[in-house]
Amino acid sequence: MARYRLCGGLAIMPEHDMAMLADMSARGWHLSGFSCGILYRFEAGEPHAYDYAVDFQRDFSEEARELYGLGGWEPVVLGPGWQIVRAEAGTTPLYTDDDAESETLRESRKGLGLRALLCAVAAALLFVLQARLSAQGNEPASWACLAACVALASGFVLSLFPFVGYTRSLRKIHDEQEADPRR
């Protein structure tokens, strides 16, 4: 039997989601996958204390998997440009160096802001075109523009949210470094 929980947004609230995954494992429900792109899937098992972490490497190579394994981390769910890994509670964190984590986040964020802007502008232009076509009585073209507008609006949301999440994480790392210059 499986249970499902809504993903809070890996790029937006990774700490919240990783704490929830650890809590579920402590109660005997272990992450086993992702469903419908927004739901965590859990399988029943013995309660176990795991730490979970998300990493945003675009290329999760076999070499990266080996390095994670040497550190005690095992991949649980792999997605396009992200991985959720787990280890025994108390294992050394994935990133002990803020610069390495910042570089991974910067690389993941690259291009997302521009993609969100382009989708928003294109959706707005199509929306204007759709209104003109509708006013002219060209219903098939109007509906086609509206469908394309919705698709571009989806692209906007799916680009903007990760961009904002990565930017927030980078700002948090930067603020922590300024607060404690020894880091």
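## A first look at two helices, a sheet and some cysteines

C145 is buried, and its relative accessible area is 10%. Keep in mind that this is a predicted model. Below we visit a three-stranded sheet, the helix α1 that lies across its strands, helix α4 further along, at residues 112-135, and finally the cysteines.

**The sheet**
- Three strands form an open sheet in the order β1-β3-β2, and their pairing is antiparallel.
- β1 and β2 are the edge strands, each pairing on one side only.
- From one strand to the next, the twist averages 35°.
- Five bridges join β1 and β3 in the antiparallel sense; among the paired residues, R3 has F42 of β3 as its bridge partner.
- As a general point, the strands of a sheet pair through backbone hydrogen bonds, in either a parallel or an antiparallel way.

**Helix α1, lying across the sheet**
- Helix α1 covers residues 14-26, a stretch of 13 residues. From its first C-alpha to its last it reaches 18 Å, close to the 18 Å expected at 1.5 Å a residue.
- The buried residues of α1 are P14, D17, M18, M20, L21, M24 and S25. Viewed down the helix axis, they fall within an arc of 160°, so they line one face of α1.
- Residues three or four places apart in an α-helix point the same way, because there are 3.6 residues a turn.
- α1 lies across β1, β2 and β3, and runs at about 15° to β3.
- The cover over the buried residues of α1 includes β1 (2-6), β2 (29-35), β3 (39-44), β4 (50-55) and β6 (82-88).
- Just after α1 comes G28, with a positive phi of about 95°.

**Helix α4**
- α4 has 24 residues, which should span 34 Å at 1.5 Å a residue; the C-alpha atoms at its ends are 34 Å apart, in agreement.
- Buried in α4 are L112, A116, C119, A123, L126, Q130 and L133.
- These buried residues pack against two other helices, α3 (98-109) and α5 (139-179).
- G137 follows α4 and has a positive phi, near 85°.

**The cysteines**
- How many disulfides does the whole structure hold? A search finds zero.
- C119 is in no disulfide, and the nearest cysteine sulfur to its own, that of C149, is 11 Å away. C119 is buried, with a relative accessible area of 13%.
- For C145, the closest cysteine sulfur is also in C149, at 8.6 Å, which is too far for a bond.

Notes
Residues are numbered from 1 along each chain as its sequence is written. This is a predicted model: local features need pLDDT of at least 70, side-chain atom pairs count only at pLDDT 80 or more; totals for chains, interfaces and linings use all residues. Side-chain values use heavy atoms; hydrogens and water are left out. Helices (H or I, at least four residues) and strands (E, at least two) are DSSP runs, numbered from the N terminus. The expected span of a helix is 1.5 Å times one less than its number of residues. Buried means under 20% relative accessible area, exposed over 50%, partly exposed in between (1.4 Å probe, protein chains only). Contact means heavy atoms within 4.5 Å. The arc is that of the directions from the helix axis to the C-beta atoms. A disulfide is a pair of cysteine sulfur atoms within 2.5 Å. Two strands pair if DSSP finds at least two bridges between them. Axes are lines fitted to C-alpha atoms, for helices over the stretch in contact, and angles run from 0 to 180 degrees between N-to-C directions.
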